[in-house]
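Subject: Structure handover

Hello,

Here is the structure I promised to pass on. Please open it first, then read my notes below.

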Amino acid sequence: MINKPTNTTKLIFSTIIAAVIISSMPVSAHASVYSAQQGVTMASGYNLAGVSGSLTVKDSPFISASGVITGHRDYMVYMNLPSGDSLGAGYFAYKDTSGVVHIYDMTYDYFGSSNVGHNLYRTMTVGQSFTATVQQDSSTSNSWTASTYFGDFNDVAYGSIDTRGAIAGSTARNLAYTYASGVDDMPGYFDVLKTAEWVSGSLSFDKYFSQNAQYKCNALNGYALAYLASYSGTPKIDNVGTGPRDYTVSGCSIANSNSAWDAFGE
């Protein structure tokens with residue numbers, strides 16, 4: 001059981017705030033999503049009940065625009081549920097109006113088209129590593145817990161059909177309203193990427209991403225998903241880097257690039 005810290009300050013950036021900031025910005029011809037993402041599903045008979053990964057804050061990302069939501073970066077493992085909702089755990093970076101980049105640990109929750117939450121807890125620094133996890137609370141529950149750096153967590157009850165996961169994945173993503181090559185980047189690092197199922201009443205993180213039945217990836221607008229290592233099976237999707245800057249060559253081939261399995265609501 002995870003105990004919620006009592007000294008945590010929680011900041012929530014909802015779609016209401018995002019809509020206000022984004023709608024007030026001038027429209028740019030270069031406005032686009034920049035991301036590197038991968039997702040997996042399991043074979044029949046495997047009840048997908050969790051996802052985990054070791055995340056490292058590789059660098060302070062270059063962010064051209066200043067503002068809480070504008071140009072923010074998400075780095076997380078996530079679980080998409082059958083209802084179309086999503087839950088994630090990782091960290092978040094944004095540049096304030098004075099030009100300072102802030103990095104926070106984060107949980108992410110999405111309830112349909114009306115409610116996206118970026119839940120920020122405490123500041124982080126470059127070089128910090130931690131385990132991020134999204135997992136089902138019990139084998140028959142529609143409640144799921146996202147846990148991130150320093151034990152910060154978010155417990156969420158979803159729809160009645162959400163008693164198993166649909167898709168597990170990892171993503172590094174931003175919505176850039178201005179972009180210049182080599183300036184506005186998004187370095188990230190994900191290791192030991194695993195999925196979980198219930199075994200004899202206990203949750204077991206027993207499969208690496210490379211052991212899963214189906215796999216899709218996507219790398220948009222010059223970002224890279226670099227395959228670094230496989231711990232069991234092929235291809236090398238259990239340990240990945242995202243770029244550019246630290247990583248420049250994408251292992252996500254055109255043949256299997258697919259955005260359909262990205263975290264819902266992103």
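The chain folds into 1 helix and 16 strands. Please keep in mind that this is a predicted model. Of its 266 residues, 51% count as buried. Among contacts with a separation of 6 or more, 69% are between residues 24 or more positions apart. The chain exposes about 10900 Å². Carbon and sulfur atoms supply 54% of that area.

Now the interior. In soluble globular proteins, nonpolar side chains tend to be buried together. Here the largest nonpolar core has 40 residues. Met79, Tyr91, Val134 and Phe190 have the most contacts inside that core. Strand β5, residues 86–95, gives the largest share of this core, with 4 residues. There is also a second, separate core of 11 residues. Its members include Met76, Tyr78, Phe92 and Met106.

Next, the disulfide. A search of the whole structure finds 1. Cys217 and Cys252 form the bond, with 2.1 Å from S to S. Cys217 sits in strand β14 (residues 214–220), and Cys252 in the segment after β16 (239–242), so the bond ties together parts that are 35 residues apart in sequence. Is the disulfide right-handed or left-handed? The torsion about the S-S bond is about 100 degrees, so the disulfide is right-handed. Both ends are covered. Cys217 is buried at 0% relative accessibility. Cys252 has a relative accessible area of 9%, so Cys252 is buried too.

The salt bridges come next. The structure holds 3.

- Asp152 pairs with Arg122, and the closest N and O atoms are 2.8 Å apart. This pair links distant parts of the chain, 30 residues apart. Asp152 is in the loop between β9 (143–147) and β10 (153–157). Arg122 is in strand β7, residues 115–123. Both residues are buried.
- Asp262 pairs with Arg173 at 2.4 Å, N to O. Asp262 lies in the segment after β16 and Arg173 in strand β11 (residues 167–176), so this salt bridge ties together parts that are 89 residues apart in sequence. Asp262 and Arg173 are both buried.
- Lys207 pairs with Asp206 at 3.9 Å, N to O. Lys207 is partly exposed, at 23% relative accessibility. Asp206 is also partly exposed, with a relative accessible area of 26%.

Three polar residues deserve a look as well.

Start with Gln38, in strand β2 (residues 32–41). Is Gln38 buried or exposed? Its relative accessible area is 0%, so Gln38 is buried. A polar atom of the Gln38 side chain lies 3.5 Å from the backbone oxygen of Ile237. Leaving aside residues up to four places away in sequence, Gln38 touches a list of residues that includes Tyr78, Leu193, Phe209, Tyr215 and Val240. Cys217, one end of the disulfide, is also among the residues that Gln38 touches. Tyr78, in turn, belongs to the second core.

Then Ser86, in strand β5. Ser86 counts as buried, at 0% relative accessibility. Which side chain does Ser86 join in a polar contact of 2.8 Å? The partner is Asn80. Ser86 and Asp109 are 23 residues apart along the chain, yet 5.8 Å separates their C-alpha atoms. Ser86 also touches Asp109, again not counting residues up to four places away in sequence. Other residues that Ser86 touches include Tyr78, Met79, Tyr108, Tyr158 and Phe264.

Last is Asn212, in the loop between β13 (202–208) and β14. Buried means under 20% relative accessible area. Asn212 has 10%, so Asn212 is buried. Its side chain meets that of Thr195 in a polar contact of 3.5 Å. Beyond residues up to four places away in sequence, Asn212 touches Val40, Thr41, Met42 and Thr195.

To find your way around, try the disulfide between Cys217 and Cys252 as a starting point. Then go to the salt bridge of Asp262 and Arg173. After that, look at Met79 and Tyr91 in the largest nonpolar core.

Best wishes

Note on methods:
Residues numbered from 1 in each chain as written. Predicted model: local features only at pLDDT ≥ 70, side-chain atom pairs only at ≥ 80, totals over all residues. Heavy atoms only, no water. Disulfide = S-S within 2.5 Å. Helix = DSSP H or I, 4+ residues; strand = E, 2+ residues; numbered from the N terminus. Buried < 20%, exposed > 50% of the residue type's maximum accessible area, 1.4 Å probe, protein only. Contact = heavy atoms within 4.5 Å. Areas by Shrake-Rupley, 256 points an atom, 1.4 Å probe, with all protein chains shown as cover. Polar contact = N/O pair within 3.5 Å; in protein donor to acceptor, adjacent residues only side chain to side chain. Core = buried A, V, L, I, M, F, W, Y, C linked by side-chain atoms within 4.5 Å. Salt bridge = Lys/Arg side-chain N within 4 Å of Asp/Glu carboxyl O.
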